[in-house]
Amino acid sequence: MEPSPPPPKSKSTATPTPPPLLRRLVTLDTTLSQRLHVLAKPFLPHFILLLLEISADFRFFFPLSLSLLFAPTLTLTPSPIQIPGLGASLSPIQIIRPLLSPLILGLLLDLALIGLIKLLFRRARPLYNKNMNVAVSVDHFSFPSGHASRVCFVAALLHLSAEALADALAHLRPTSPFIDRWIGADPVSAISVLVLVAWTWAYATSFSRILLGRHFVTDVCAGACLGMFEGLVAFRFLRF
């Protein structure tokens, strides 16, 4: 007696097939990403891409950002500073803290959102992604790029906070010889240069994720958009 064939899979257990348009977009994304990776490999030094990767790694960037919250108490005189028009004296740390709180809280928000979205989409990283140091299990997933979201968040927050940063530097000049020597009498120009450097770093790091083979193009684009949105949220709602 011949064995009976296995029952057909029900619609509830069958793997859903993505729509044709989505399949074409994924194929285009995969092909473009791999082509960019292959084209850049002979020309760009690998260590430069790795340096950009490390510079935006959360394990490096968050402790560095957190240390800035305490740096003013170590590098600046604690004497109060008279703020014109405010009618009060503030210590250097009181001037700096409202600018650093959205940075710290925004980085934590970014970490949570990136982890949640990666768990929801569970997109595998490119097959040619080699020798990647994975910190947590969610790092095995590709969409969206956490590095791209992080650097674009920082650049967007600096861009939006440029005026407040220039005012803070102007108030801190009498308390710090370093600021007085390197910033001079024009803090606005200094902050403009800082914002330009931040955006350059953000674009270079984001694009390097594709060239290094860590992400697809859409991963980076989605991460960059998320980061800029987080910068706006942090600037509007996370300042204390």
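With which residue do the side chains of Arg-214 meet in a salt bridge? In this predicted model, the partner of Arg-214 is Glu-53, with a nitrogen-to-oxygen distance of 2.8 Å. Arg-214 lies in the loop between H8 and helix H9 (217–237), whereas Glu-53 belongs to helix H2, so the pair ties together parts that are 161 residues apart in sequence. Both Arg-214 and Glu-53 are buried.

Glu-53 also forms a salt bridge with Arg-209, and here the closest N and O atoms are 2.9 Å apart. This second pair likewise links distant parts of the chain, since Glu-53 sits in helix H2 and Arg-209 in helix H8, 156 residues apart. Glu-53 counts as buried because its relative accessibility is 12%, and Arg-209 counts as buried because its relative accessibility is 1%, the cut-off for this class being under 20%.

The count of salt bridges in the model comes to six. Among them is a salt bridge in which the side chains of Asp-57 and Arg-59 meet, at 2.8 Å from N to O. Asp-57 is buried, with a relative accessible area of 16%, while Arg-59, at 45% relative accessibility, counts as partly exposed. In addition, Asp-29, Arg-123 and Asp-219 are linked in a network of salt bridges.

Lys-118, placed in helix H4 (residues 92–121), presents another arrangement of charge. Lys-118 is buried yet has no salt bridge, and the nearest side chain of opposite charge, that of Asp-139, is 4.3 Å away. A salt bridge would require a side-chain nitrogen within 4 Å of a carboxyl oxygen, so the distance of 4.3 Å between Lys-118 and Asp-139 does not qualify. Asp-139 is nevertheless one of the residues that Lys-118 touches when residues up to four places away in sequence are not counted. The contacts of Lys-118 also include Arg-125, Val-138, Phe-141, Ser-142, Phe-143, Pro-144, Gly-146 and His-215.

Nonpolar side chains were examined at the surface as well. Phe-47, Ile-48 and Leu-51 form a nonpolar patch there, with about 310 Å² of accessible area together. Phe-47 is found in helix H2 (residues 46–55), the helix that also holds Glu-53. Phe-47 is classed as exposed because its relative accessible area is 53%, and the class is reached at values over 50%. Phe-207, by comparison, is placed in helix H8 (residues 187–211), and at 42% relative accessibility it counts as partly exposed. Phe-207 and Val-217 are 10 residues apart in sequence, and their C-alpha atoms are 8.5 Å apart in space.

The cysteines were considered last. A disulfide is a covalent bond between the sulfur atoms of two cysteines. A search of the whole structure finds zero disulfides. For Cys-221, the closest cysteine sulfur is that of Cys-225, and because the two sulfur atoms are 6.8 Å apart, they are too far from each other for a bond. The reverse holds too, as the closest cysteine sulfur to that of Cys-225 is the one in Cys-221. Cys-221 is partly exposed, with a relative accessible area of 43%.

Conventions: Residues numbered from 1 in each chain as written. Predicted model: local features only at pLDDT ≥ 70, side-chain atom pairs only at ≥ 80, totals over all residues. Heavy atoms only, no water. Helix = DSSP H or I, 4+ residues; strand = E, 2+ residues; numbered from the N terminus. Buried < 20%, exposed > 50% of the residue type's maximum accessible area, 1.4 Å probe, protein only. Lys, Arg positive; Asp, Glu negative; His and termini not counted. Contact = heavy atoms within 4.5 Å. Patch = residues over 30% accessible without salt bridge, like charges linked within 9 Å, V, L, I, M, F, W, Y side chains within 5 Å. Areas by Shrake-Rupley, 256 points an atom, 1.4 Å probe, with all protein chains shown as cover. Disulfide = S-S within 2.5 Å.
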